[in-house]
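Open the model in your viewer and keep the selection panel at hand. The stops below say what to select and what is found there.

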Amino acid sequence: MTSSAAAGSSPADQVRALQHALYRAAKADPGRRFHALWDKVCRRDVLWRGWVAVRANEGAPGIDRVTLVEVEEYGVVRLLDELADELRQGRYRPLPARRVFIPKPGVEDESRPLSIPSVRDRIVQAAMKIVLEPVFEADMLPCSFGFRPKRGAHDGLQVLIDESWRGRRWVVETDIANCFSAIPHEKLMQAIEERVCDQSVLKLLRAILRAGVMEDGQLRRPVTGTPQGGVISPLLCNVYLHRIDRAWNAREHGVLVRFADDVVVMCRSREQAEAALARLRTVLAELGLEPKEAKTRIVHLEVGGAGFDFLGFHHRLVRVTGRRNSKKSVTFLARWPADRAMRHARDRVRELTRRSRLLLPVEVIVAKVNRFLRGWAAYFRYGNSAIAFEKIIHHAWTRVALIRSYGESECRVRL
């Protein structure tokens, strides 16, 4: 690219070019440790892209109670200039995150902790993610699907179908117990230092990990965990759990499919599945982690047998025959929304149509219900979900009918 072309490119194009350059350099030399990343984190265009990502994600304020709207009133450019100066001069210090607890979807009387950094800290974390992600993405393996660019849950779900066709019908399913809060800081930093030796970047990462959380007026600084809710936490989790992926790269213990801390291994026999589970326990123990026992089991996929839940879907082997006079049949791995996903959908519709909302116009309530249903259906429409969709739409119609009689087309509930 010529200097004139670079000068005329937008900040987004410049940041994208930076990421491509970092990715190519990391891919070309798997043993390279990057020592000149700090100046890139401090770049104004990188910080600006960090702000754009934070603003698009919306989110609540941190312990300083500064909202996104207040940042815009204060002046985004002004704040980014201040952050850039603080970073360059070594004066930047992250604040503790604000700890809140949110209900687990589809699970009654159970919640999970969420850490909310301040807006300025989210911007800095986003800038760090922009610079670090291409470096580590160059090493990531195909078995990992969570929180990665151009990869998602449905890519991982397709692997399950493909491997079941290939005869891998013994499944090890588990997830990692308290993964985000259990990752040891020192071992995480060792994993990061395999690729990064820029001391300023490493110092800031340690400061982010040690900033702690404010809960019930008390500051807690744990020595483990990447706070769930931090912008950079999913990347750090993937960097650490990449060691599991490397242990499975030879496929000796079946085919691994990992979405962050949710893990499935597709195997050809019970013996291989038992060996895979034992190997998984060993690797996790080496990382200072352990599987969640209540969600750990080996399942044999067979027609009429049990299935398993993964990424919101229930998966089960089914056999479908052809037309009435045909003897041909097809056996395949079907999937539809799991019971937990169905409970979450019903609970959300019930919340949107609760009695306390009766003062709102029915059009507003229906619009909110439709907005949720469209998002829910967009995820679950890949699979065999028609019956589940009918149940949810019937539930939504019933709930809206309890609020008010309606017949206008604009008030219709639909998927």
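Start with Phe-259 and Asp-262: Asp-262, in β7, is the bridge partner of Phe-259. The model is a predicted one. Widen the selection to both strands, β6 and β7, which form a hairpin with 2 residues between them. In the turn, pick Ala-260, whose phi is positive at about 55°. The two strands run antiparallel and are joined by 5 bridges.

Now colour β6 by burial. How many of the residues of β6 are buried? The count is 5 of the 5, so the strand is largely enclosed by the rest of the structure. Show the side chains: Val-255, Val-257 and Phe-259 point one way, Leu-256 and Arg-258 point the other way, and all are buried. In a regular strand, side chains alternate between the two faces of the sheet. Move along to β7, which is mostly covered, with 5 of its 6 residues buried.

Next, select β3, residues 170-175, which runs antiparallel to β7 (residues 262-267) and is joined to it by 6 bridges. Two pairs are worth labelling. Val-171 has Met-266 in β7 as its bridge partner, and Glu-173 stands opposite Val-264 in β7.

Add β8 to see the whole sheet. It is an open sheet of 4 strands in the order β6-β7-β3-β8, and the pairing is antiparallel. At the edges are β6 (255-259) and β8 (297-300), each of which pairs on one side only. On average, neighbouring strands of this sheet are turned by 20° against each other, direction ignored. Helix α8 (residues 153-165) packs on the sheet and touches β6 and β7. The direction of α8 makes about 160° with that of β6.

**The other sheet**

Hide that group and select β1, β2, β4 and β5. These 4 strands form an open sheet in the order β2-β1-β4-β5, with mixed pairing. β2 and β5 (218-220) stand at the edges with a single partner strand each, so one side of each has no neighbour in the sheet. Neighbouring strands here are turned by 40° against each other on average, direction ignored.

Zoom in on β4 (residues 213-215) and β5, which run antiparallel and are joined by 3 bridges. Met-214 has Leu-219 in β5 as its bridge partner.

Then go to the other edge and pick Ser-111, found in strand β2. Is Ser-111 buried or partly exposed? Its relative accessibility is 39%, so Ser-111 counts as partly exposed. Leaving aside residues up to four places away in sequence, Ser-111 touches Phe-101, Ile-102, Pro-103 and Lys-104. For a distance label, draw a line from Ser-111 to Val-100: the two are 11 residues apart in sequence, and their C-alpha atoms are 9.7 Å apart in space.

**A helix and its cover**

Select α10 (residues 185-193) and show His-185, Leu-188, Met-189, Ala-191 and Ile-192, which are buried. Look down the axis of α10: the buried residues fall within an arc of 155°, so they line one face of the helix. To see what covers these residues, add α7 (119-137), α11 (199-210) and α12 (233-247), which are among the covering elements.

**Empty space**

Rolling a probe the size of a water molecule over the atoms shows where empty space is left. Turn on the cavity display: there are 2 cavities of 30 Å³ or more. The largest cavity holds about 140 Å³ of space. Its lining has 15 residues, and Ala-97, Pro-117, Gln-125, Ile-208 and Pro-227 lie nearest the centre. Helices from the previous stop return here: α7, α11 and α12 are the elements that give two or more residues to the lining of the largest cavity.

Finish at the second largest pocket, with about 660 Å³ of space. It is lined by 23 residues, of which Ala-53, Val-54, Asn-57, Ala-126 and Val-231 are the closest to its centre. Which elements each supply at least two residues of this lining? Select α2 (11-28), α4 (44-57), β2 (111-116) and α7. The largest share of the lining of the second largest pocket comes from α7, with 5 residues.

Notes:
Residues numbered from 1 in each chain as written. Predicted model: local features only at pLDDT ≥ 70, side-chain atom pairs only at ≥ 80, totals over all residues. Heavy atoms only, no water. Pairing = 2+ DSSP bridges. Axes fitted to C-alpha atoms, helices over the stretch in contact; angles between N-to-C directions. Contact = heavy atoms within 4.5 Å. Buried < 20%, exposed > 50% of the residue type's maximum accessible area, 1.4 Å probe, protein only. Arc of directions from axis to C-beta. 1 Å grid on protein atoms, 1.4 Å probe; cavity = no way out; pocket = protein on both sides within 12 Å on 5 of 7 lines; lining within 4 Å. Points joined across faces, edges and corners; volume = space filled by probe spheres on them.
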